[in-house]
Amino acid sequence: MRQIVLDTETTGLDPNDGHRIIEIGCVEVVGRRRSGRTFHRYINPERAIPEDSTAIHGITDDHVAECPVFADVAREFFEFVDGTELVIHNAPFDVGFLNAELERCGWPRLEDHCQILDTLQEARHLHPGQKNDLDTLCGRYEVDNRSRDKHGALLDSELLADVFLAMTGGQEDLALASEDTSPAAAAQRLLDGQAAAAEREPLPVMPPTAEEWAAHQQFLERIQEASGDCLWLGREGPSGS
């Protein structure tokens, strides 16, 4: 499956209040590997960007004044994501904004052409009761996010792609892929395991008491009565009787 890890930056929190998208970042994942293909556009929102939003992502009115409006990039964006699984952290937020922009210029909703996976919900399932924002997940899965001093759609998509692959088994896959599977290496791992086992102290064997053995025999007799056959019934006890 072709997956697109996606993030947006916006002028505010709710498209119903007139807020618009100002940046889209997408990272393509094919066969659980980042392919190197991306889609990244800054967008003129056709409205002012509030200062409190700029404080989060660093994007100003001047930054996007000469950028295309969403309608100018809608076809290119839709063709990039069409038929894929979109991997998004807190998907309702980004999907809500994208659907509002798509509807405004006559394109269909994302849900009608893409599958959508919300990594925030996945993380909450795996780590209930813990913080699951992107920075926390980067730390949890050892993804280097030192370059993230502000939010950015493409950077956050790249980080989320690495977190998603690690969170869903990517680290184990990489470990297996790097392991030497030659016959010589397999034989050496077997010898190493045998040597390690030989060095371990033997586990103590604690024979049952007469009372424990009698209780065990009574249990086996009940099995015999219920099933008509109990292979363990009648075997010698701890005293050899």
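This is a short viewer tour of one predicted model, stop by stop.

Local features here need pLDDT of at least 70, side-chain atom pairs count only at pLDDT 80 or more, and totals for chains, interfaces and linings use all residues. Residues are numbered from 1 along each chain as its sequence is written, and side-chain values use heavy atoms, with hydrogens and water left out.

**Stop 1: helix 7**

Select residues 153–167, which make up helix 7. Helices (H or I, at least four residues) and strands (E, at least two) are DSSP runs, numbered from the N terminus. The expected span is 1.5 Å times one less than the number of residues. For these 15 residues that gives 21 Å, and the end C-alpha atoms lie 20 Å apart, which agrees.

Now colour by accessibility. Buried means under 20% relative accessible area, exposed over 50%, partly exposed in between (1.4 Å probe, protein chains only). In helix 7, 12 of the 15 residues are buried, so the rest of the structure largely encloses the helix. Among them are L154, L160, F164 and M167.

Pick V163, also in helix 7. Its relative accessibility is 0%, so V163 counts as buried. Show its contacts (heavy atoms within 4.5 Å). Leaving out residues up to four places away in sequence, V163 touches L134, L137, C138, Y141 and V143. The C-alpha atoms of V163 and C138 are 6.2 Å apart, with these positions 25 residues apart along the chain. Then step past the helix to G169, where phi is positive, near 110 degrees.

**Stop 2: aromatic rings**

Rings of Phe, Tyr and Trp (its six-membered ring) pair if their centres lie within 6.5 Å; planes under 30 degrees apart count as stacked, over 60 as edge-to-face and the rest as tilted. The whole structure holds 5 aromatic pairs.

Select F39 and F80. Their ring centres are 5.8 Å apart and the planes meet at 35 degrees, so the pair is tilted. F39 sits in strand 3 (residues 33–42) and F80 in helix 3 (residues 70–81), so the pair ties together parts 41 residues apart in sequence. Both residues are buried.

Next, F93 and F97. This pair is tilted too: 5.1 Å between centres, 50 degrees between planes. Both belong to helix 4 (residues 91–104), 4 residues or about one helical turn apart. F93 is partly exposed at 26% relative accessibility, while F97 is buried at 1%.

Add F70 and F77 to the selection. Ring pairs link them with F39 and F80 into a cluster.

Now bring in the arginines. A charge sits over a ring if NZ of Lys or CZ of Arg is within 6 Å of the ring centre and within 35 degrees of the ring normal. R2 lies over the face of F80, 5.1 Å from the ring centre. R41 lies over F39, at 4.6 Å.

**Stop 3: salt bridges**

The rule is a side-chain nitrogen of Lys or Arg within 4 Å of a carboxyl oxygen of Asp or Glu. The count comes to 13 salt bridges.

Select D135 and R148, joined N to O at 2.9 Å. D135 lies in helix 6 (residues 134–140) and R148 in the loop between helix 6 and helix 7, so the bridge ties together parts 13 residues apart in sequence. D135 is partly exposed at 34%; R148 is buried at 14%.

Finish with R20, E46, E101 and R104. Salt bridges with shared partners join these four into one network.
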